[in-house]
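Work through the following exercises with the sequence and the model at hand. Each task is followed by a solution in steps.

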Amino acid sequence: MVCFRFSRVPGSGLVLLCLVLGAVSSYALELNLTDSEKATCLYAKWQMNFTIRYETTSKNYTIVTISDFGNATYNGSICGDYQNGSKIAVQFGSGFSWIVNFTKEVSTYSIHSISFSYDTSDNTTFPDAKEKEFLCDKDKTLTTVVPTTVPSPTTTPTPKEKPEVGSYSVKNGNGTCLLATMGLQLNVTQDKVASVININPNITHFTGSCHSQTALLRLNSSNIKYLDFVFAVKNENRFYLKEVNISMYLVNGSVFSIANNNLTYWDAPLGSSYMCNKEQTVSVSGAFQINTFDLRVQPFNVVEGKYSTAKECSADSDLNFLIPVAVGVALGFLIIVVFISYMIGRRKSRTGYQSV
């Protein structure tokens, strides 16, 4: 049994995650990471062993078991933050490395990947080994040689057309509890390469949950593992977008994950909806932004499955203010033109009655 405990915020309760690796009677490895305030942010205590089958120079196969971790180090282990997941990295023996990467979905932690590497050039551990290095077939197909070049600047993504607007909803026992209508465009930057991705609502699934103080809308598709919009109540009379989490597959096969639970977008009174027809940007991090189009959302107090009166964003309000101003200017100009025409016509009439 291997157990991990996490804490994102100093002083908060630790989250426990356990994984059965085998029947063990005692713990051989223990890791306790602290943050800048000396508070425990990641704690792990476990025992494990590895059984490795390798080929010898005589073309036979032999098995070796690795269970001695007396000289283990934990270089590269991190607690993680809102942009990067937690990681446990263990080094031991001659070139052994075991790495576990974790991800966080709202309030749930899970293991994203586990990797184990070793070097058969260690003749003490791998006597008479034929291969000096082991590489699985999948890694062989994915491994590329990186040329030595001067790092290039971040590429500018090709602008995409306006995304299609989708309608999403969440239901509970009392009916519809959350409504959202919006076009979504994702701006992702990874390894100095920027991408623009439009979400197609026709192939996007949605789920969520509603509570008295929080509400969740989760979107997912073939390339998006999850895109979470978490709403919260503040001051008992307003709601806002508090958190956005995303984990998705990029075109190169890598996984892009970002989380931020300290946002303050889409603020409106409880009992109303928030609306913004113009393009608006939700900046989740320096590497991830969401452009919204024709947005309307109501995460609380939905009545009969319909939107309540909307609070418009400042961009829409500015536009509504300009329309009557423009109409007034046009009418004033028309009045001036009519008046000038009248004066010209009157002068001509007087000229026609002058005596000869």
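**Exercise 1. Salt bridges**

Task: Decide whether Lys234 is buried, partly exposed or exposed, and find which residues share a salt-bridge network with Lys234.

Solution.

Step 1. Lys234 has a relative accessibility of 31%, so Lys234 counts as partly exposed. The classes are buried under 20% relative accessible area, exposed over 50%, and partly exposed in between, with a 1.4 Å probe and protein chains only. The model is predicted: local features need pLDDT of at least 70 and side-chain atom pairs count only at pLDDT 80 or more, while totals for chains, interfaces and linings use all residues. Residues are numbered from 1 along each chain as its sequence is written, and side-chain values use heavy atoms, with hydrogens and water left out.

Step 2. Look for a partner of opposite charge. Side chains of opposite charge can pair when their charged atoms come close. The criterion for a salt bridge is a side-chain nitrogen of Lys or Arg within 4 Å of a carboxyl oxygen of Asp or Glu. Lys234 meets it with Asp267, where the closest N and O atoms are 2.6 Å apart. Asp267 lies in strand β18 (residues 265-269) and Lys234 in strand β15 (residues 224-234), so this pair ties together parts 33 residues apart in sequence. Helices (H or I, at least four residues) and strands (E, at least two) are DSSP runs numbered from the N terminus.

Step 3. Check Asp267 for another partner. Arg238 also forms a salt bridge with Asp267, at 2.6 Å from N to O. Arg238 is in strand β16 (residues 238-249), 29 residues from Asp267. The shared partner joins Lys234, Arg238 and Asp267 into one network.

Step 4. Compare the accessibilities. Asp267 is buried at 17%, whereas Arg238 is partly exposed at 24%.

Step 5. The structure holds 4 salt bridges. One of them pairs Asp294 with Lys162, the closest N and O atoms being 3.1 Å apart. Asp294 is in strand β21 and Lys162 in the loop between α1 and β10 (165-172), with their positions 132 residues apart in sequence.

**Exercise 2. Positive phi**

Task: Describe the phi angle and the accessibility of Asp294, then do likewise for Asp128.

Solution.

Step 1. Recall the usual case. Most residues other than glycine have a negative phi.

Step 2. Asp294 has a positive phi of about 50° although it is not a glycine. Asp294 sits in strand β21 (residues 288-298) and is partly exposed, with a relative accessible area of 26%.

Step 3. Phi of Asp128 is near 60°, again a positive value in a residue other than glycine. Asp128 is placed in the loop between β9 (108-117) and α1 (137-142). Its relative accessible area of 41% makes Asp128 partly exposed.

**Exercise 3. Disulfides**

Task: How many disulfides are there, and what pattern do they follow?

Solution.

Step 1. Count pairs of cysteine sulfur atoms within 2.5 Å. The count comes to 3 disulfides.

Step 2. Cys41 is joined to Cys79, S to S 1.7 Å. The torsion about this S-S bond is about 45°, so the disulfide is right-handed. Cys41 is in strand β4 (residues 40-46) and Cys79 in the loop between β6 (61-66) and β7 (87-92), 38 residues apart. Cys41 is buried at 4%, and Cys79 is buried at 18%.

Step 3. Cys177 and Cys210 have sulfur atoms 2.0 Å apart. Their torsion is about 75°, so this disulfide is right-handed. Cys177 and Cys210 are both buried.

Step 4. Cys276 is bonded to Cys313, S to S 2.1 Å. With a torsion of about 70°, this disulfide is right-handed. The pair links strand β19 (residues 273-276) to the loop between β22 (310-312) and α2 (314-352).

Step 5. With bonded cysteines counted along the chain, the pattern is 1-2, 3-4, 5-6.

**Exercise 4. A loop threonine**

Task: Where does Thr204 lie, and which backbone oxygen does its side chain reach?

Solution.

Step 1. Thr204 is in the loop between β12 (193-198) and β13. Thr204 is buried, with a relative accessible area of 10%.

Step 2. The Thr204 side chain reaches the backbone oxygen of Asn200 at 2.6 Å.

Conventions:
Polar contact = N/O pair within 3.5 Å; in protein donor to acceptor, adjacent residues only side chain to side chain.
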